[in-house]
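Student: Could you take one part of this model and examine it closely, connecting what its chain does with what lies on its surface and beside it?

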Amino acid sequence: MINETAVTDFFLWGFSRIQELRILLIVMFFSIYLAALTGNVLLILIVAQNPHLHNPMYFFLVNLSFIDACYISTTVPKSMVNSLSNSHLISFSGCIFQVFLVVVLAGAELSFLTVMAYDRYVAICQPLQYRTIMNWKVCFLITVAAWVSNITNAVIQSTITLNLDFCQSNIIEQFFCDVPQLLSISCTDTRVYESLNFVTGLGVGSFCFLFMLISYGYILSAVFKIHSIQGRHKAFSTCTPHLTLFCVFTFTTMFSYMRPKALSSLPVDLLAAILYTVLPPLMNPIIYGLRNREIKKGLSVSNIVSEQCAELLILILPAYDYFHI
C-alpha cells in the first residue's frame, strides 16, 4: 500500500504460509467448530427444556454457552472460507466489526468464568444461604453489568481502531482481525493505545485472577474437610479443569494484548490466538456440561433429541472423562 492510498481491505495471512497443510487445517477447524457449536447449542436447549435446571448455576452456563457459540463463530468460519477460496481478504468495515465482536465476547467469557467461580464458592461454602445470596435479581444484575461493561469497552476499542491510519501494509499475520495485529501494522503512533491496553489488561486480568484464586481457596478449604475420598475426588475433578482453562484463557489473552511488539512472531501469535478463541468454546461444554450428571440426565429425558441419539450420547459421554484437562 502506498501512503496516499486508503486501506479498504485487509489480508488475513493466518495459516496461508502453510500451503501443504491447508486441507488438513480446514478439516481440523471445521471439526472443532462443529463440535463446539453443537455442544454449546445443545447445552442451551437442554437447560431451556428442563425446569429442574432453571437455577443460577445453569443460568450462567447458558450465558457462557451463548458466548462460546458466538465467539467461535466470529473467527473460525471466516478463516475457513478464506482458506477454501484462497482469498484471505476481509473488508475494512468487516475487520472493525470483527474486532468489536472479539473484544465483547472475550471480555464476556472472562466475566462469566469469574462469576461462575463465585457461584460455586457460594454453593459449596455457604449452601444454606445460596438462594438468598444468588437470587434471580442478583443474577440478572450481574449479567447486565457484565454485558454492558464489555460492550462499552468494545465500542471504545473499535472506535480507537477505526481512527488508526494504515498506509504501509494491509497484511494481518493472524486468522482474524485482532487489535494487537492492527496496532503493529498501523502507521499511527500507537504508544498511548498500547499503554492503555497494558494497564486495562493488567488491571482486569489481575482482578479476575485474584478473585478466582480467592474463591477456589475457600472452595478447596471446604473440600479438604470432606471425609469421603470419593467426594474429594469429585470436587477436585470439577474444580481443576475450570481453573486450568481459566488460567490458559486469561494468560494467553493478557499476553496477546499486553506484549510488546518485539515479542510478536507468527507461530506464537497463532498459538496464543487459538488458545483464547478456539479452545474455550470447545472445552467449556465438556467441562460444564458433558461431565455434568444433571446435564446428562437432562439430555436423556429431553425431547429435543431422539431416544436413539440420546442413548448413543449417554454411552459415549463417559469417554470425555478420560480426556479432561
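Tutor: Helices here are DSSP runs of H or I at least four residues long, and they are numbered from the N terminus. The model is predicted, and the part I would choose is helix α5, which comprises residues 136–162. The unreviewed UniProt entry carries the annotation "transmembrane region" for several stretches, among them residues 138–156 and 198–223. Over residues 138–156 the model is 100% helix and 0% strand, with the end C-alpha atoms 27 Å apart; residues 198–223 are likewise 100% helix and 0% strand, and there the end C-alpha atoms lie 36 Å apart.

Turning to the surface, F140 is a residue of α5, and F140 counts as exposed because its relative accessible area of 53% exceeds the 50% cut-off. Together with L141, V144 and V148, F140 forms a nonpolar patch on the surface, and the accessible area of these four residues comes to about 370 Å².

Helix α5 also has a part in the second largest pocket, whose volume is about 650 Å³. This pocket is lined by 27 residues, and those nearest its centre are G107, L110, N150, V204 and G205. The elements that contribute two or more residues to the lining are α3 (92–125), α5, α7 (191–224) and α8 (229–258), and of these contributions that of α3, with nine residues, is the most. Helix α5 is therefore, with helices defined as DSSP runs, one of the elements that give two or more residues to this lining, while F140 in α5 belongs to the nonpolar surface patch.

Key:
Residues numbered from 1 in each chain as written. Predicted model: local features only at pLDDT ≥ 70, side-chain atom pairs only at ≥ 80, totals over all residues. Heavy atoms only, no water. UniProt positions renumbered as here; feature names shortened; annotations may be inferred. Patch = residues over 30% accessible without salt bridge, like charges linked within 9 Å, V, L, I, M, F, W, Y side chains within 5 Å. Areas by Shrake-Rupley, 256 points an atom, 1.4 Å probe, with all protein chains shown as cover. Salt bridge = Lys/Arg side-chain N within 4 Å of Asp/Glu carboxyl O. Buried < 20%, exposed > 50% of the residue type's maximum accessible area, 1.4 Å probe, protein only. 1 Å grid on protein atoms, 1.4 Å probe; cavity = no way out; pocket = protein on both sides within 12 Å on 5 of 7 lines; lining within 4 Å. Points joined across faces, edges and corners; volume = space filled by probe spheres on them.
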